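Trainee: I should like to learn how descriptive terms are justified for a protein model. May we go through one together?
Mentor: Certainly; let us look at the structure and then take the terms in turn.

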Amino acid sequence: MSDQVPESPVPSRVVVTGAAGKLGRAVVAHLREAGVDVLALDRASGRDPREVDGKFLLVDLTDYGQVVEALTGGVDEHAGRVDAVVHLAAVPAPGMMPNATTFANNSAATYNVFAAARAAGIKRVVWASSETVLGLPFDTPPPYAPVDEEYAPRPESTYSLNKALEEEMARHFCRWDPELVMVGLRFSNVMEVEDYAGFPSFDADPQLRRWNLWGYIDARDAAQAVERALAHERPGADVFIIANADTVMSRSSASLMAEVYPGVEIRRELGEHETLLSIDKARRVLGYDPRHSWRDHVRTY
């Protein structure tokens with residue numbers, strides 16, 4: 001029996017946090033093209049917020065009052081019920097700020113979004129978890145490959161620790177409200193088309209990208225995953241790895257593992273360039289189907 005749940009329509013009015021970031025811009029554009037009424041939220045830093053094209057609200061997510069106001073339709077010019085939240089805002093990677101600053105910002109922002117959504121009666125929340133919870137940068141080898149959602153989080157940085165705690169927090173929010181649907185997307189390294197020109201340089205040294213098993217996610221496919229997650233209707237908290245179907249390398253996935261992680265169990269035969277960040281669960285449960293590859297934009301011969 002399939003564990004894929006029949007999807008429901010994508011909610012009609014969605015708040016997207018972190019809307020001015022690389023992933024946020026792609027998600028906002030994708031949802032608006034799909035006919036979704038999007039209210040874009042961000043705490044702009046050096047970017048003109050109007051670049052996200054449409055309804056935009058400057059919000060400090062570490063201020064619970066501001067988040068409640070945004071999610072309950074209490075802001076002038078942005079009134080109306082919110083049907084779902086896509087929470088992407090965060091200090092986006094380890095090492096960008098001091099550890100305590102990263103933790104204080106990201107943990108407060110996520111708690112405030114989750115709690116404000118509950119207070120507003122919003123039953124559908126999609127948020128950006130991270131591939132880092134899988135054990136990145138894999139200085140300790142992964143337990144097996146392709147890695148998947150079946151083993152417990154292995155955070156190796158303060159940023160990743162916070163992401164693991166977000167996943168645990170979501171499980172308790174869903175325990176408190178059995179009707180709540182919360183989907184955590186463990187995004188791989190987000191890329192845009194202009195980033196692909198540099199990919200052939202990775203081939204010179206497989207160690208350069210071993211830190212995430214040579215994975216990536218095209219921003220357009222990440223946005224597709226968000227749309228699929230918004231249509232997911234199984235109550236409770238669940239998490240999914242979201243990566244592209246291939247690696248960043250021209251070499252085969254099997255040869256990369258044999259050279260860099262020779263002692264790691266390979267659990268099945270690998271396709272030539274198959275991702276080592278398994279997306280089988282996202283395909284099966286969400287109907288996620290990555291459509292893009294860096295190979296479509298860069299000649300590899």
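**Helix contact, strand pairing and burial**

Mentor: In this predicted model, L23, A26, V27, H30 and L31 of helix 1 meet A219, A222, A223, Q224, V226, E227 and L230 of helix 5. By class, this contact has nine nonpolar, two polar and one charged residues.

Trainee: What makes E227 the charged residue and H30 a polar one in such a count?
Mentor: Glu is listed among the charged types, whereas His is not listed as nonpolar or charged and therefore counts as polar.

Trainee: Why are helix 1 and helix 5 called oblique to each other?
Mentor: The axes of helix 1 (residues 22-33) and helix 5 (residues 219-230) cross at roughly 60 degrees. Roughly parallel requires an angle under 35 degrees, and roughly perpendicular begins at 65. The angle fits neither class, and the two helices are therefore oblique.

Trainee: What else describes the packing of two helices, besides the angle between their axes?
Mentor: The distance between the axes is also given. For helix 1 and helix 5, the axes come within 8 Å. Their crossing is right-handed.

Trainee: How do you know that strand 4 pairs with strand 1 and with strand 5?
Mentor: Pairing requires at least two bridges. Strand 1 (residues 13-17) and strand 4 have four bridges, and strand 4 is joined to strand 5 (residues 124-130) by three. Both counts meet the requirement, so strand 4 pairs with each of them. The sense is parallel for strand 1 with strand 4, and strand 4 and strand 5 also run parallel. Among the bridge partners are V14 with A84 and V86 with V126.

Trainee: Which way do the side chains of strand 4 point?
Mentor: From strand 4 (residues 84-87), A84 and V86 point one way, and V85 and H87 point the other way. This can be set beside a general rule: side chains in a regular strand alternate between the two faces of the sheet. In strand 4, all four of these residues are buried.

Trainee: Why is T132 called buried?
Mentor: Buried means under 20% relative accessible area. The value for T132 is 11%, and T132 is therefore buried. T132 is located in the loop between strand 5 and strand 6. Leaving aside residues up to four places away in sequence, T132 touches R154, Y159 and S160.

Notes
Residues are numbered from 1 along each chain as its sequence is written. This is a predicted model: local features need pLDDT of at least 70, side-chain atom pairs count only at pLDDT 80 or more; totals for chains, interfaces and linings use all residues. Side-chain values use heavy atoms; hydrogens and water are left out. Axes are lines fitted to C-alpha atoms, for helices over the stretch in contact, and angles run from 0 to 180 degrees between N-to-C directions. Angles under 35 degrees count as roughly parallel, over 145 as roughly antiparallel, 65 to 115 as roughly perpendicular and the rest as oblique. A crossing is left-handed if the near helix is turned anticlockwise from the far one by less than a right angle, and right-handed if clockwise. Contact means heavy atoms within 4.5 Å. Buried means under 20% relative accessible area, exposed over 50%, partly exposed in between (1.4 Å probe, protein chains only).
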